[in-house]
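Here are my notes on the model you sent round. They run as numbered points, so keep the structure open while you read.

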Amino acid sequence: MYYSEIKECDIANGPGVRVTLFVSGCTHHCKGCFNEMTWDFTYGTPFGEDEINKIIKLLKPSYIEGLTLLGGEPMEYSNQQGLLPLLRRVRQEYPDKSIWCYTGYLYDKDILQDFCHKWEVTREFLSYLDVIVDGEFVEELKDITLRFRGSSNQRIIDVKSSEKEGQIVLWET
């Protein structure tokens, strides 16, 4: 897996101050994408143990609310595999910090009904997430007044509550 950037103090992609990892590789190719260079799966730098250790260190301060995964597309199969060691460490060392994941895939249709049946890693990947912002960016639905989303079709989903309730539960502040 490759990544394009690690932001140390991000306030745009989830609540509070967050560490944000932009992974490389995306097959959606959304019109108007703000991060088009990350469509290439080999864009940027290889992601490995050094980057995991860096992120773990960056998450340490008490003012850091959590980790956000963006892209590219974190839910691409190869990216799920590459991110699992990071997610395991974050949950182990910082169980109270939230983990957000942005994906162009739909949580209920693509991830739960397809990926969870095709790939063993997906169920474990989801178990570490608190929130998924799902749905492709749609330029015609772009709305800069939306909090933590780029277009009005995207949903902010509380993963733990959705699993518990057996239906989509939207995240609330």
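1. Start in helix α3, where I111 lies. Bear in mind that this is a predicted model. I111 has a relative accessible area of 0%; the cut-off for buried is under 20%, so I111 counts as buried.

2. What is I111 in contact with, once its neighbours within four places in sequence are left aside? The list is M75, T103, Y105, L106, C116, T122, L126 and I132. Take T122 from that list. I111 and T122 are eleven residues apart in sequence, and their C-alpha atoms are 7.7 Å apart in space.

3. I132, one of the contacts of I111, leads to the sheet. Seven strands form an open sheet with mixed pairing. Their order is β3-β1-β2-β4-β5-β6-β7. β3 (45-46) and β7 stand at the edges. Each has a single partner strand, so one side of each is left without a neighbour in the sheet.

4. Next, strand β6 (residues 131-134) and its partners. β5 and β6 pair in the parallel sense, over three bridges. W100 has V131 in β6 as its bridge partner, and C101 stands opposite I132 in β6. With strand β7 (residues 155-158), β6 pairs in the antiparallel sense, over four bridges. There I132 stands opposite I157 in β7.

5. Are the faces of β6 covered or open? Both are covered. V131 and V133 are buried on one side, I132 and D134 on the other. In a regular strand, side chains alternate between the two faces of the sheet. Note that D134 is among these buried residues.

6. Now the nonpolar packing. The largest nonpolar core has 37 residues. Those that touch the most other members are L21, I55, L67, L69, L86 and F125. Two or more residues come from each of β1 (2-10), β2 (17-23), α1 (49-58), β4 (64-70), α2 (77-93), β5 (98-102), α3 (107-118) and α4 (120-127). Which element gives the most? α2 does, with five residues.

7. L86 shows how this core is joined up. Leaving aside neighbours within four places in sequence, L86 is in contact with L21, F47, I52, I55, L67 and L69. Another core lies apart from the largest one. This other core has eight residues, among them L70, Y102, V133 and F148. V133 is also one of the buried residues of β6.

8. F22 is in strand β2. Is F22 buried or exposed? F22 counts as buried, because its relative accessibility is 4% and the cut-off is under 20%. Leaving aside neighbours within four places in sequence, F22 is in contact with Y3, S4, E5, K7, N13, F34, N35, L70 and G71. L70 also belongs to the core of eight residues. By contrast with those contacts, take D50: F22 and D50 are 28 residues apart in sequence and 16 Å apart in space, C-alpha to C-alpha.

9. Last, the largest pocket. About 700 Å³ of space lies in it. Its lining has 33 residues, and F34, Y102, F137, G150 and Q154 lie nearest the centre. The lining divides into 14 nonpolar, twelve polar and seven charged residues. Two of the names are familiar: F34 is in contact with F22, and Y102 is in the core of eight residues.

How values were computed:
Residues are numbered from 1 along each chain as its sequence is written. This is a predicted model: local features need pLDDT of at least 70, side-chain atom pairs count only at pLDDT 80 or more; totals for chains, interfaces and linings use all residues. Side-chain values use heavy atoms; hydrogens and water are left out. A nonpolar core is a set of buried Ala, Val, Leu, Ile, Met, Phe, Trp, Tyr and Cys residues joined through side-chain atoms within 4.5 Å. Buried means under 20% relative accessible area, exposed over 50%, partly exposed in between (1.4 Å probe, protein chains only). Contact means heavy atoms within 4.5 Å. Two strands pair if DSSP finds at least two bridges between them. On a 1 Å grid over the protein atoms alone, a cavity is a set of points where a 1.4 Å probe fits but cannot get out, and a pocket is an open set with protein on both sides within 12 Å along at least five of seven lines; lining residues have an atom within 4 Å of a point. Grid points are joined across faces, edges and corners, and a volume is the space filled by probe spheres set on the points. Ala, Val, Leu, Ile, Met, Phe, Trp, Tyr, Cys and Pro count as nonpolar, Asp, Glu, Lys and Arg as charged, and the others, Gly among them, as polar.
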